[in-house]
Amino acid sequence: MITSPIWLPATLVAAVFQPWRTAVQRRVSKNLSINAAGLVRYLYGLPFALAMMAAHQFVLFPAAFPALGPWFLVYCLAGGLAQIVATNLLLMAFDHRNFVVGTAYSKTEAVQGALLSIALLGERLNLLSWIGIALGVAGVMILSADNKRMSPGELLRALGQPGARYGIASGFFFALTAIAIRSATVQVETGDHIRAALIVLAVTVVLQTIMQGGLLVLRERDQVAAVFRTWRVSGQVGLLSALGSACWFTGFATAPVALVRVGGQIEVAFTMAFGHFYLGERVSRGEITGLVLVTAGVVAALAGNL
């Protein structure tokens, strides 16, 4: 059940920030290890997350700080840890020859999120929304596999490959992240969904910085200095990450998890539009088919709930 119409613009804006942040993060990751590149997102995003929460809480819409439920920190910790694990699994998928398969299967997150939200949150989606989810996942898989000209049968047979296993596992943990964040926002006792989302964001990023920062200090201490040397580009990553996460978290606070994720798949269209119009990249027939399916999926999911 949708609790506020703000979920739609929040999701669409998040879908713009995510590929933008990914493009910038690729630049900094060339000089850092996997863990160090992951830490950049949280460490440099932390000041922006805290600033957004403080601005909303004390300047734009001043109010008493809301009470937090007993499970608030647990859900924030679970969501933050799941996101770190999901990101590392996806990077591990990229290390294998089955890069395309891993990417494609990580996009099954929408289906996995829908099933998990039914089991864990009791959410329900109508038939049209399920059709939209299926179309969206199919479209993303076609987009991911087009360059390799892989058929649906080949994608299924590739299930036993490490890249596919890591990709599916990544999608599972990304789905868990969304459910944990959704649960954390419910623990914030306020009727202001944006306030709840920003509080959850700030606390989660603090915990993620501690977790991944601690791991880096323990296992890759030589990378710590490198993280701070890249502050110019890393600061951009942090800003885009914080803005994107604020939008995602607002979406999770106001709509079913699966609906937000299938709506967010429109980011694929934004990414390809950037590549076509600004980088002059050609769009293949398979990519057009994938885009049509993704768009149809988003439209179907929205039609089923608006």
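Buried means under 20% relative accessible area, exposed means over 50%, and partly exposed lies in between. With 2% relative accessibility, Ser117 therefore counts as buried. Keep these cut-offs in mind as we walk through the structure, which is a predicted model.

## The chain as a whole

The chain has 15 helices and zero strands. Of its 306 residues, 52% count as buried. The chain exposes about 14,500 Å², and carbon and sulfur atoms supply 68% of that area.

How are contacts spread along the sequence? Among contacts between residues at least 6 apart in sequence, 86% join residues at least 24 apart.

## Ser117 and the enclosed helices

Ser117 has its place in helix α6, which covers residues 109–121. Which residues does Ser117 touch, not counting those up to four places away in sequence? They are Gly122, Glu123, Ile179 and Val257.

Val257 leads us to helix α13, because it is one of the buried residues there. Helix α13 spans residues 257–264, and eight of its eight residues are buried, so the helix is largely enclosed by the rest of the structure. Besides Val257, the buried residues of α13 include Ala258, Leu259, Val260 and Arg261. Val262, Gly263 and Gly264 are also among them.

Helix α2 can be read in a similar way. Eight of the 10 residues of α2 are buried, so α2 too is largely enclosed by the rest of the structure. The buried residues in α2 are Asn35, Ala36, Ala37, Gly38, Leu39, Val40, Arg41 and Tyr42.

## A cavity inside

Two of those α2 residues, Arg41 and Tyr42, turn up again in the lining of the largest cavity. The count comes to one cavity of 30 Å³ or more, and about 80 Å³ of space lies in the largest cavity. Which elements give two or more residues to its lining? They are α2 (34–43), α10 (193–219) and α12 (231–254).

The lining residues also include Gly45, Gln83, Leu201, Thr204, Val205 and Gln208. Ser241, Ala242, Ser245 and Phe249 belong to the lining as well.

## Helix α4 and its partners

Gln208, from the cavity lining, also helps us place Leu77. Leu77 lies in helix α4, which covers residues 72–94. Leu77 and Gln208 are 131 residues apart in sequence, yet 7.9 Å apart in space, C-alpha to C-alpha. Leaving aside neighbours within four places in sequence, Leu77 is in contact with Leu207 and Met211.

Ala78 is in helix α4 too. Ala78 and Ala180 are 102 residues apart in sequence and 6.3 Å apart in space, C-alpha to C-alpha.

## A nonpolar patch on the surface

Now let us move to the surface. Phe58, Val59, Leu60, Phe61, Phe65 and Leu68 form a nonpolar patch there, with about 640 Å² of accessible area together. Leu60 is found in helix α3, residues 46–60. Phe65, in turn, sits in the loop between α3 and α4.

Is Leu60 buried or exposed? At 58% relative accessible area, Leu60 is exposed, because the cut-off for that class is over 50%. Phe65 has 42% relative accessibility, so it counts as partly exposed.

Leaving aside neighbours within four places in sequence, Phe65 is in contact with Gln57 and Ile199. Phe65 and Arg195 are 130 residues apart in sequence and 9.5 Å apart in space, C-alpha to C-alpha.

## One salt bridge

Arg195 also takes part in a charged pair. Side chains of opposite charge can pair when their charged atoms come close. The structure holds one salt bridge, in which the side chains of Arg195 and Asp192 meet at 3.5 Å, N to O.

Why do the two partners fall into separate classes? Arg195 is buried because its 7% relative accessible area is under 20%, whereas Asp192, at 21%, counts as partly exposed because it lies between the two cut-offs.

## Accessibility side by side

Here are residues from the tour, with their values.

| Residue | Relative accessible area | Class |
|---|---|---|
| Ser117 | 2% | buried |
| Arg195 | 7% | buried |
| Asp192 | 21% | partly exposed |
| Ala78 | 38% | partly exposed |
| Leu77 | 41% | partly exposed |
| Phe65 | 42% | partly exposed |
| Leu60 | 58% | exposed |

Terms used
Residues are numbered from 1 along each chain as its sequence is written. This is a predicted model: local features need pLDDT of at least 70, side-chain atom pairs count only at pLDDT 80 or more; totals for chains, interfaces and linings use all residues. Side-chain values use heavy atoms; hydrogens and water are left out. Helices (H or I, at least four residues) and strands (E, at least two) are DSSP runs, numbered from the N terminus. Buried means under 20% relative accessible area, exposed over 50%, partly exposed in between (1.4 Å probe, protein chains only). Contact means heavy atoms within 4.5 Å. Patches are made of residues with over 30% relative accessible area and no salt bridge: like charges are joined within 9 Å, nonpolar side chains (Val, Leu, Ile, Met, Phe, Trp, Tyr) within 5 Å. Accessible areas come from the Shrake-Rupley method with a 1.4 Å probe; for residues, only the protein chains shown count as cover. A salt bridge is a side-chain nitrogen of Lys or Arg within 4 Å of a carboxyl oxygen of Asp or Glu. On a 1 Å grid over the protein atoms alone, a cavity is a set of points where a 1.4 Å probe fits but cannot get out, and a pocket is an open set with protein on both sides within 12 Å along at least five of seven lines; lining residues have an atom within 4 Å of a point. Grid points are joined across faces, edges and corners, and a volume is the space filled by probe spheres set on the points.
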